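The following report looks at how aromatic and nonpolar side chains are arranged in the model shown below.

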Amino acid sequence: MRGRRGVARTAGSSNGEVTSRVGVWDWAIREDRLSADEVVAELFGLDPEEMGAGIPFERWMHMVHPDDRGQMRVHLARTRGPFRSEYRTCSRDGSSRRVQVQGRFYRDAQGRPVRSSGTVLDITQRPGDPGRALDEAADHCMAARLAVARIDAPLVRRLLDMTLIEIGRALAQQEERRH
C-alpha cells in the first residue's frame with residue numbers, strides 16, 4: 001500500500017459542497033496484515049506509515065467504535081463475497097467518524113477466506129438522504145427475506161415481499177421527483 005493515496009471527491013448538495021474522502025485497504029487474512037492508505041489511517045486514528053506496512057486485524061478492530069464491533073464481527077463472519085457496511089471509528093483523540101466500507105472477500109479452493117480488499121468512504125458530514133435510508137431499508141429487508149426463506153413462514157415472507165414492493169415504489173417516486 002506504500003505510495004497509494006486516497007482521493008477527495010466533491011459532490012454538490014442543497015446544503016452546499018460536501019467533500020467525501022475515500023481510502024483503500026487490503027487485508028491478507030492468513031498473514032493477519034491489514035494495510036491501507038493515509039486516508040484510512042487518518043479515519044481510524046492510526047499511523048499512516050504503520051498502515052502502509054500493515055497492522056494486525058485486531059488493532060484495526062480496536063479503532064472501530066465499541067458499540068459497533070460486535071455487529072461488524074457478525075457481518076464479517078457471514079459475508080462470502082462483496083459487502084457494504086457502515087460503522088463508526090474511534091480516533092486516539094476520542095473523536096468519532098462514520099464510515100461506509102465496501103469490499104470483497106476472496107476465498108481459496110476450500111472456501112476459506114484468504115484476502116479482502118476495498119474502500120472506506122468518510123460519510124460523517126454527508127447530509128441526510130432519504131433515498132439512502134430507503135436503500136438501507138431495502139438491503140435489510142432483503143437480508144430478512146433471505147433468512148426467512150430458509151424457514152416455513154409464508155406469512156412473514158409475504159409481508160417482507162409487500163414491504164420490498166412499497167420501498168421500491170417509494171424509491172421510484174423519489175427518482176421521478178429528481179428528474
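In this predicted model, one aromatic cluster is formed by Trp25, Trp27, Phe57, Phe83 and Phe105. The structure holds 6 aromatic pairs, and one of them joins Phe83 to Phe105 in a tilted arrangement, with the ring centres 5.5 Å apart and 40 degrees between the planes. This pair links distant parts of the chain, since Phe83 belongs to strand β4 and Phe105 to strand β5, with their positions 22 residues apart in the sequence. Buried means under 20% relative accessible area, so Phe83, at 10%, counts as buried, and Phe105, at 6%, likewise counts as buried.

In soluble globular proteins, nonpolar side chains tend to be buried together. Here the largest nonpolar core has 26 residues, and those with the most contacts inside it are Trp25, Phe44, Met51, Trp60, Tyr87 and Val120. At least two residues of this core come from each of the elements tabulated here.

| Element | Residues |
|---|---|
| Strand β2 | 16-28 |
| Strand β3 | 33-36 |
| Helix α1 | 38-43 |
| Helix α3 | 57-62 |
| Helix α4 | 66-78 |
| Strand β4 | 82-90 |
| Strand β5 | 96-107 |

Among the contributors, α1 gives the most to this core, with 4 residues. Phe44, one of the residues with the most contacts inside the core, touches Trp60, Met63, Val64, Tyr87, Thr89, Cys90, Ser91 and Val120, when residues up to four places away in sequence are not counted. Three of these partners, namely Trp60, Tyr87 and Val120, are themselves listed with the most contacts inside the core. Apart from this core lies another one, of 5 residues, which include Val148, Ala153, Leu160 and Leu164.

Which residues make a nonpolar patch on the surface? Leu155, Leu159 and Met162 do, and the patch covers about 300 Å². Of these residues, Leu159 lies in helix α6, which spans residues 154-178. Is Leu159 buried, exposed or partly exposed? Its relative accessibility is 44%, and because partly exposed residues fall between the limits of under 20% for buried and over 50% for exposed, Leu159 counts as partly exposed. The C-alpha atom of Leu159 is separated by 9.4 Å from that of Arg145, a residue 14 positions away along the chain.

Methods:
Residues numbered from 1 in each chain as written. Predicted model: local features only at pLDDT ≥ 70, side-chain atom pairs only at ≥ 80, totals over all residues. Heavy atoms only, no water. Core = buried A, V, L, I, M, F, W, Y, C linked by side-chain atoms within 4.5 Å. Buried < 20%, exposed > 50% of the residue type's maximum accessible area, 1.4 Å probe, protein only. Contact = heavy atoms within 4.5 Å. Patch = residues over 30% accessible without salt bridge, like charges linked within 9 Å, V, L, I, M, F, W, Y side chains within 5 Å. Areas by Shrake-Rupley, 256 points an atom, 1.4 Å probe, with all protein chains shown as cover. Salt bridge = Lys/Arg side-chain N within 4 Å of Asp/Glu carboxyl O. Phe/Tyr/Trp six-rings, centres within 6.5 Å; stacked < 30°, edge-to-face > 60°.
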